[in-house]
Amino acid sequence: MKRIAIYPGSFDPVTNGHQDIVERALKLFDKLIVAILHNPGKASLFSVEERVEMLEQSLGHLDGIEIDTFDGLLVDYAAQKNAHAILRGMRAVSDFEYEFQMALMNRSLNRDVQTIFLMTGLRWIFTSSSIIKEAARFGGNIDGMVSPTVNQKLKQKFGFDR
Ligand code: PNS
């Protein structure tokens, strides 16, 4: 049986912290499906298509990766993909409450899907897509926090690419 995990998220945009989690997870799973929630109700900086493209540029070279989008319940998507694990990265204590709630809700919705948490590398403990966007919005230096491609896309979005 293939060990398949879903790594769900907004990925708005993918960061080096996400990439760190993906590289760790690929040592545990045969296949990792990085899945962007398609949620028209939630405001995002990048369109789903742009986010897929950035994920492909950042992670596409890794063996065992599939990049996809989903809508509706995550556990239903996991079942449809034959995945028995949902992967989430954990940074600090501040992540815990939200992650705990989500994991228990997902468990009550489908007991066959387990949530697995991986600790991010110490280098990425303070980074998130939101805080990186906040810095980039005002022209802050985010070198080394995202891939050069994502960095360039953020500069374009916020008008710092001249
Ligand atoms: O990167 P994010 O925004 O923290 O990811 C949140 C995500 C996409 C994992 C979560 O919102 C989700 O799984 N949404 C799908 C709807 C769902 O299944 N909700 C029930 C579990 S709370």
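**Helix packing, aromatic pairs and the contacts of Asp12**

Just after helix α6, Gly159 adopts a positive phi of about 75°. The model described here is predicted. In α6 itself, the buried residues are Val150, Asn151, Lys153 and Leu154. These residues cover an arc of only 160° around the axis, and they therefore lie on the same side of α6. The elements that cover them include α2 and α5 (129–137).

Helix α2 comprises the twelve residues 48–59. At 1.5 Å a residue, α2 should span 16 Å, and its end C-alpha atoms are indeed 16 Å apart, so the expected and computed values agree. Its buried residues are Val48, Arg51, Val52, Met54, Leu55, Ser58 and Leu59. Viewed down the axis of α2, the buried residues fall within an arc of 165° and so line one face of the helix. An α-helix has 3.6 residues a turn, so residues three or four places apart point the same way. The cover over the buried residues of α2 includes two helices, α1 (16–25) and α6 (148–157), together with the strands β2 (31–37) and β3 (65–70).

Arg51, one of the buried residues of α2, is also among the contacts of Asp12. Asp12 is found in the loop between β1 (4–9) and α1. With a relative accessible area of 6%, Asp12 is buried, because the cut-off for that class is under 20%. A polar atom of the Asp12 side chain lies 2.9 Å from the backbone nitrogen of Phe46. Apart from its neighbours within four places in sequence, Asp12 is in contact with Ser44, Leu45, Phe46, Arg51, Ser129 and Lys133.

The count of aromatic pairs comes to three. One of them joins Tyr7 and Phe11 in an edge-to-face arrangement, with 5.3 Å centre to centre and 80° between the planes. Both partners are buried: the relative accessible area is 4% for Tyr7 and 3% for Phe11. In a further pair, the rings of Phe96 and Phe100 have centres 5.2 Å apart and planes at 25°, so this pair is stacked; the angle qualifies because planes under 30 degrees apart count as stacked. Phe96 is partly exposed, at a relative accessible area of 44%, and Phe100 is likewise partly exposed, at 45%.

Phe96 and Phe100 are four residues apart in helix α4 (residues 93–109) and are therefore separated by about one helical turn. Phe100 and Thr115 are 15 residues apart in sequence, and the distance between their C-alpha atoms is 9.6 Å.

Helix α4 has 17 residues and reaches 25 Å from its first C-alpha to its last, close to the 24 Å expected at 1.5 Å a residue. A bend of about 25° is found in α4 at Glu99. Glu99 is also one of the buried residues of this helix, the others being Asp95, Ala103 and Asn106. What covers these buried residues includes α3 (74–80), β4 (85–90) and β5 (114–119).

How values were computed:
Residues are numbered from 1 along each chain as its sequence is written. This is a predicted model: local features need pLDDT of at least 70, side-chain atom pairs count only at pLDDT 80 or more; totals for chains, interfaces and linings use all residues. Side-chain values use heavy atoms; hydrogens and water are left out. The expected span of a helix is 1.5 Å times one less than its number of residues. Buried means under 20% relative accessible area, exposed over 50%, partly exposed in between (1.4 Å probe, protein chains only). The arc is that of the directions from the helix axis to the C-beta atoms. Contact means heavy atoms within 4.5 Å. Rings of Phe, Tyr and Trp (its six-membered ring) pair if their centres lie within 6.5 Å; planes under 30 degrees apart count as stacked, over 60 as edge-to-face and the rest as tilted. The bend at a residue is the angle between axes fitted to the seven residues ending there and the seven starting there. A polar contact is a pair of N or O atoms within 3.5 Å; within protein, one must be able to donate a hydrogen and the other to accept it, and residues adjacent in sequence count only if both atoms are side-chain atoms.
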